[in-house]
Amino acid sequence: MSENRRNTMENRRRRRPESGALGRRTAVCGVLTSLALALSYVEALVPASGTLPGIKLGLANMAVLVALYALGPGYAFAVNGVRILLAGALFGTPFSMAYAACGGLVSFLGMWGLQKTKKFSMAAISMAGGVLHNTGQVAVAVLLLNTTELWSLLTPLGIAGMVCGLVTGMVATLVYRRLPKGLLPQERRA
């Protein structure tokens, strides 16, 4: 075998992640996606607050946060996206899927950006995610319903997003810290 070909093959092997590590990450991603979907279902069973539309606990966000910290942004984005699509298809409507997709995207991008700074706790990032999720959903409602009066909901929804985000962020932190060592290669502990 020529020297050049041998070097090319060695370089490819170095760039390829261990198949065991990739398999574990993919399996954990699947488990977190299933958990997020189950938590979305539980949340769909809980009657909405009679005082303000759109207030939810954001339970599925716990799985997204754990994925963001344990697996990285690509896997966390997949957990969130697949959960939104499946939840919308199984027990939602096209409108609820549009609201969830916009809120989920805005929330994810904000949480990822804050996490990259390494200046905020998981609970603080979750609080920001709750506020951003509600902001994204109100933006979709304003566009779909063609009324700007809905922006007035941002203050109470923002407060609810902070409170619910704090609770889910605290639980996600506890879960993340209790993940078994060695479950994931090169884990990043918060």
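Which residue just after α3 takes a positive phi? Gly72 does, with a value of about 110 degrees. The legends below describe a predicted model.

**Figure 1. Overview of the all-helix chain.** The chain holds 7 helices and 0 strands. Followed along the sequence, the pattern reads α-α-α-α-α-α-α. Of the 190 residues in the chain, 37% count as buried.

**Figure 2. Helix α3 is largely enclosed by the rest of the structure.** This helix covers residues 60–70, and 11 of its 11 residues are buried, so α3 is largely enclosed. The buried residues of α3 include Asn61 and Tyr69. Ala60, Met62, Ala63, Val64, Leu65 and Val66 are also buried in this helix, as are Ala67, Leu68 and Ala70. Just after α3 comes Gly72, with its positive phi of about 110 degrees.

**Figure 3. Ala123 of helix α6 and Leu65 of helix α3.** Ala123 is found in α6, and Leu65 is among the buried residues of α3. The two are 58 residues apart in sequence, while their C-alpha atoms are 9.4 Å apart in space. Why does Ala123 count as buried? Its relative accessibility is 12%, and buried means under 20%.

**Figure 4. Pro73 of helix α4 and Phe108 of helix α5.** Pro73 is found in α4, a helix that spans residues 73–91. Phe108 falls within α5, which spans residues 94–117. In sequence, Pro73 and Phe108 are 35 residues apart; in space, C-alpha to C-alpha, they are 8.8 Å apart. Pro73 counts as partly exposed, because its relative accessibility is 29%.

**Figure 5. A nonpolar patch on the surface.** Which residues form the nonpolar patch? Tyr41, Leu45, Val82, Leu86, Leu90 and Phe91 do, with about 560 Å² of accessible area together. Helices α2 (19–45) and α4 (73–91) each supply at least two of the patch residues. The largest share, 4 residues, comes from α4. Leu86, one of the patch residues, is found in α4. With a relative accessible area of 38%, Leu86 is partly exposed. That value fits the patch criterion, which asks for over 30% relative accessible area.

**Figure 6. The crossing of helices α5 and α6.** Two packed helices are described by the angle between their axes and by the distance between the axes. Here the axes of α5 (residues 94–117) and α6 (residues 122–145) come within 7 Å and cross at roughly 145 degrees. The crossing of α5 and α6 is right-handed. The residues of this contact divide into 15 nonpolar, 10 polar and no charged.

**Figure 7. Two loop residues with positive phi that are not glycine.** Lys118 lies in the loop between α5 and α6. Although Lys118 is not a glycine, its phi is positive, at about 60 degrees. Is Lys118 buried or exposed? Lys118 counts as exposed, because its relative accessibility is 74%, and exposed means over 50%. Asn146 is found in the loop between α6 and α7 (154–177). Asn146 is likewise not a glycine and has a positive phi of about 55 degrees. At 70% relative accessibility, Asn146 also counts as exposed.

Key
Residues numbered from 1 in each chain as written. Predicted model: local features only at pLDDT ≥ 70, side-chain atom pairs only at ≥ 80, totals over all residues. Heavy atoms only, no water. Patch = residues over 30% accessible without salt bridge, like charges linked within 9 Å, V, L, I, M, F, W, Y side chains within 5 Å. Areas by Shrake-Rupley, 256 points an atom, 1.4 Å probe, with all protein chains shown as cover. Salt bridge = Lys/Arg side-chain N within 4 Å of Asp/Glu carboxyl O. Buried < 20%, exposed > 50% of the residue type's maximum accessible area, 1.4 Å probe, protein only. Axes fitted to C-alpha atoms, helices over the stretch in contact; angles between N-to-C directions. Left-handed = near helix turned anticlockwise from the far one by under 90°. Nonpolar A, V, L, I, M, F, W, Y, C, P; charged D, E, K, R; others polar.
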